[in-house]
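This report introduces the packing of helices and the pairing of strands in one protein model. Please view the structure below before reading on.

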Amino acid sequence: VIGSNGAGKSTLLKILSRVTEPTSGRAVITGRVGSLLEVGTGFHSELTGRENIFISGSIIGMSRAEIKKKFDEIVAFSGVEKFLDTPVKRFSSGMEVRLAFSVAVHLNPQLLLVDEVLSVGDASFQQKSMSKIQEVSRNGGVILFVSHNMTTVASLCNKAIVLERGNVTYELGVTAGAIEHYLNAAKQNQLSRKSGGEYHGKTSRVTINQFDVQDGNGFGVQQLVSGLPARFVIDYEISPSLSLDDVGFVVLVKTLNGEVIANLSSPRGRSNSGVQSHKGKVGCLINNFPLSPGTISMTLLVEHKGDVLDVIEDIFVCEVLRNGQPEERGFQHHKGWVEIDNEWQAFSS
C-alpha cells in the first residue's frame with residue numbers, strides 16, 4: 001500500500017488489526033492476523049518482554065504450547081535476551097520494535113500487516129527482517145506492507161494499491177504500475193503548482209514562481225542520476241521591504257518518509273552565488289549527485305534573519321537512478337544513502 005503522508009495507509013492497517021474502529025463500513029478477514037504497526041502497538045508497557053510474547057501470541061489465537069515451542073526462536077531473532085525480564089517501558093524504541101517484529105513473524109500468521117516501522121531497527125536487523133518477511137511469503141503467508149520506499153515495495157511486493165486522502169486511486173494491480181501511477185501523480189502535482197500559482201507562499205513578502213531541476217547541461221529533468229551533475233534553480237520575487245543580505249534559500253532533500261538526507265543552503269550577504277536582487281533566479285549546482293538509487297522528495301524553505309518566511313513541502317519528487325536504471329533497492333540503511341567515490345588497493349604484507 002503506497003501513498004503520500006496522510007493518505008490513510010497506517011489508518012487502514014489499524015482498522016484491519018482491530019486497533020481502530022472504522023467510522024463506516026467493515027473489514028472482513030479470514031485467517032490468523034499478525035501486525036507490526038508503530039512502536040508499542042500491542043505491547044503492555046508495564047509487563048516484561050517475556051510476558052508480552054505470551055500475550056501477543058494469545059491475542060492472535062495461539063495456544064500456550066505453540067508459543068513455548070517458538071519462544072527460544074523468537075528471543076534469539078530479536079536479540080533482547082539480556083532484557084527479557086525487564087518491563088517493556090524500559091526498552092529503547094529499537095529494542096521494542098525488534099521484539100515486536102520477532103513475535104509477529106514467528107507466530108505463524110496467515111496475514112502479516114507491516115507498517116514502515118522497520119526503519120527504527122538498526123541496519124543488520126532491517127536486513128534480517130526483510131529476509132524474514134520474504135520467508136513468511138514463500139511459506140504461504142500474505143504480507144500487507146505499507147511503505148514510502150518505492151524500491152523496497154518493488155522488491156518485496158507483487159501487487160500494490162495507491163491511496164490518496166483515504167481513497168483508492170490505483171486498484172490492486174501490478175506493483176510497477178502502481179509505483180508509476182504514484183510518481184506520475186506527484187509530478188502532476190508539481191506541474192499544477194507551476195501553472196496554477198500554488199508556489200505563492202504563506203506570506204506576500206516572498207513569491208516562488210518556479211522550481212526547476214536540471215541536468216548538468218541545463219535541461220529540465222524528472223529523474224536524477226547518481227554520480228552525474230544536477231542543478232536546482234529557483235525563480236523568485238522578494239518584497240523590497242526585506243534586506244537581501246538576510247535572505248536565503250534552503251533545499252532539504254528527503255526520503256519519502258521525511259528523513260532529511262541533505263541540507264543545501266544558499267550563502268547570505270549578496271555574494272556572487274547568493275541572492276543579488278529582489279526579483280531573479282538563484283541556482284544550486286551539484287557536480288556529482290551523491291545519493292544512492294531510490295525515491296526522494298525536496299522541500300524549499302525561504303529564510304530571513306534566521307526566521308522561516310515560507311515552506312513548500314514536496315516541491316519536487318523523483319527517482320534517483322544509477323546508469324539511467326533503477327536499482328532493485330534504494331535508501332536501505334544497510335546499503336546507505338550516499339554514494340562515495342572510493343578506491344581499494346591490495347598491499348603486500
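## Packing of α2 and α3

The model described here is predicted. In it, helices α2 and α3 cross in a right-handed manner. The contact involves Arg50, Ile53, Phe54, Gly57 and Ser58 on the α2 side, and Arg64, Ile67, Lys68, Phe71, Ile74 and Val75 on the α3 side. Sorted by class, the residues in this contact comprise 6 nonpolar, 2 polar and 3 charged ones.

Two packed helices are described by the angle between their axes and by the distance between those axes. Helix α2 spans residues 49-59 and helix α3 spans residues 64-78. Their packing angle is about 130°, and their axes lie 10 Å apart. Angles over 145 degrees count as roughly antiparallel and those from 65 to 115 as roughly perpendicular; α2 and α3 are therefore oblique to each other.

## The open sheet of three strands

Strands of a sheet pair through backbone hydrogen bonds, in either a parallel or an antiparallel sense. One sheet in the model is open and consists of 3 strands in the order β1-β2-β3, with parallel pairing. The edges are occupied by β1 (33-36) and β3 (142-145). Each of these edge strands has a single partner strand, so one side of each is left without a neighbour in the sheet. From one strand to the next, the twist averages 15°.

Strand β2 covers residues 111-114 and runs parallel to β1, to which it is joined by 4 bridges. Within this pairing, Gly34 has Leu112 of β2 as its bridge partner. Helix α4 (residues 93-106) packs on the sheet and touches both β1 and β2. The direction of α4 makes about 160° with that of β1.

## Strand β13 and its partners

Strand β13, residues 307-321, pairs with strand β12, residues 294-304 in the antiparallel sense. This pairing extends over 10 bridges. One of the bridge partnerships links Val302 with Asp310 of β13. Together, β12 and β13 form a hairpin with 2 residues between them. In the turn, Lys305 has a positive phi of about 55°.

Strand β13 also pairs with β7 (residues 224-225), and these two strands run parallel. The pairing of β7 with β13 consists of 2 bridges. Here Val225 has Leu321 of β13 as its bridge partner. Strand β13 thus takes part in a parallel pairing with β7 and an antiparallel pairing with β12.

Technical notes: Residues are numbered from 1 along each chain as its sequence is written. This is a predicted model: local features need pLDDT of at least 70, side-chain atom pairs count only at pLDDT 80 or more; totals for chains, interfaces and linings use all residues. Side-chain values use heavy atoms; hydrogens and water are left out. Axes are lines fitted to C-alpha atoms, for helices over the stretch in contact, and angles run from 0 to 180 degrees between N-to-C directions. Angles under 35 degrees count as roughly parallel, over 145 as roughly antiparallel, 65 to 115 as roughly perpendicular and the rest as oblique. A crossing is left-handed if the near helix is turned anticlockwise from the far one by less than a right angle, and right-handed if clockwise. Contact means heavy atoms within 4.5 Å. Ala, Val, Leu, Ile, Met, Phe, Trp, Tyr, Cys and Pro count as nonpolar, Asp, Glu, Lys and Arg as charged, and the others, Gly among them, as polar. Two strands pair if DSSP finds at least two bridges between them.
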